[in-house]
Amino acid sequence: MDLDLAGKKVLVTGSTSGIGKAIAVAYLKEGAVVYINGRDDARCKAIADELAAEYKAEGRVKVAAADLSDARQAAALIERLNADGGVDILVNNTGIFEVKAFETITDEEWMHYFNVNIMSAVRLSRAILPDMLERGFGRIVNVSSECAIKPLGQMVHYSVTKTALLSLSRALSELTKGKDVTVNSVLPGPTWTDGVENYFDTLAEKEGKPTDELISNYFADHEPTSLLQRFVSVEEVAKATVYLTSNRAMNGQSLRVEGGIVRAI
Ligand code: NAD
């Protein structure tokens, strides 16, 4: 199926690893031009070179390094993108998460979570959406989480930011009436990434249990309602994200890619 994405310019934030990197790859496979973002310029360049070589995409992988929790860096990135002709598709994927007891999360940490998980998306969308509306084409996807609709007691701050992203997405979609511009959210469930692997390594050390045992018991112990009974792969999230941007009739949607954990129709 031709998703009509060849040649589209796509900014995927937080695309040096994990889900963001897989989303970047999925767009490259569709023939799009992809901007790689992370905080470190050298790392972005290294990933861009790796992807260009691996997917024979010379000239289609660009570097867009910036710490998006910093308003000035975000503004400078937007200027660079505008000078390069702007973007057609914006995937706000940047996000941080950590298991932490609610009573120990400080005001500073709350503000940091808001800054990284929400304001990064607000800053880029505020600058890019008006251009999309004027040019008559645009797609925005915000990478939320299943915990946006099933908030977690062990990650209260994270869950709150992910719920806020759903509201941001739907509210922005309300501004697109009659235009070929869409704003949607994708809600991954527990997804296998280096970050998640590190989490299990740390937990195994703390609990004095083998990592493999913790991983194989994870769904029975913590996510018994999962129909998938394994971690979602980054490729599965990436496919859903690309699909969401392929069709104008999908607008204002929240697409769950969480293996059926949430028992709702
Ligand atoms: P990851 O840690 O592997 O990747 C995060 C990316 O964001 C990296 O490229 C990192 O460099 C970048 N980043 C972090 N802070 C940044 C900043 N201030 N400015 C620019 N870039 C920054 O994470 P992941 O697991 O791939 O998660 C990606 C997104 O998916 C996040 O929004 C996360 O909340 C969401 N998500 C992840 C899971 C999961 O189980 N892994 C589940 C649901 C939702």
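**Salt bridges, core and surface charge**

In this predicted model, the count of salt bridges comes to 12. A helpful starting point is the pair formed by Lys21 and Glu50, whose side chains meet with N and O 2.9 Å apart. This pair ties together distant parts of the chain, since Lys21 sits in helix H1 and Glu50 in helix H2, with their positions 29 residues apart in numbering. Lys21 has a relative accessible area of 21% and is therefore partly exposed. Glu50 is likewise classed as partly exposed, because its relative accessibility is 34%.

Two further pairs invite a look at their surroundings. The side chains of Glu236 and Arg230 form a salt bridge with an N to O distance of 2.8 Å. Glu236 is partly exposed, with a relative accessible area of 29%, and Arg230 is partly exposed at 38%. In the pair of Arg256 and Glu258, the closest N and O atoms lie 2.8 Å apart. Is Glu258 buried or exposed? At 3% relative accessibility, Glu258 counts as buried, because buried residues are those under 20%. Its partner Arg256 is partly exposed, with a relative accessible area of 33%. Salt bridges also join into a network, which links Glu146, Lys150 and Glu223. As general background, side chains of opposite charge can pair when their charged atoms come close.

Attention now turns to the interior. The largest nonpolar core contains 37 residues, and those with the most contacts inside it are Val10, Ile23, Tyr27, Val34, Ile36 and Val91. At least two residues of this core come from each of several elements: strands E1 (9-12), E2 (33-36), E4 (89-92) and E5 (138-143), together with helices H1 (18-29), H2 (41-54) and H8 (234-244). Helix H1 gives the most to the core, with 8 residues. Helix H1 thus has two roles to note here, as it supplies core residues and also carries Lys21 of the pair with Glu50. More broadly, nonpolar side chains in soluble globular proteins tend to be buried together.

The surface offers a feature of another kind. Asp194, Glu197, Asp201 and Glu205 form a negative surface patch. One of these residues, Asp194, is found in helix H6, which covers residues 194-207. Asp194 has a relative accessibility of 57% and so counts as exposed, the cut-off being over 50%.

How values were computed: Residues numbered from 1 in each chain as written. Predicted model: local features only at pLDDT ≥ 70, side-chain atom pairs only at ≥ 80, totals over all residues. Heavy atoms only, no water. Patch = residues over 30% accessible without salt bridge, like charges linked within 9 Å, V, L, I, M, F, W, Y side chains within 5 Å. Areas by Shrake-Rupley, 256 points an atom, 1.4 Å probe, with all protein chains shown as cover. Salt bridge = Lys/Arg side-chain N within 4 Å of Asp/Glu carboxyl O. Lys, Arg positive; Asp, Glu negative; His and termini not counted. Charge placed at Lys NZ, Arg CZ, Asp CG, Glu CD. Helix = DSSP H or I, 4+ residues; strand = E, 2+ residues; numbered from the N terminus. Buried < 20%, exposed > 50% of the residue type's maximum accessible area, 1.4 Å probe, protein only. Core = buried A, V, L, I, M, F, W, Y, C linked by side-chain atoms within 4.5 Å.
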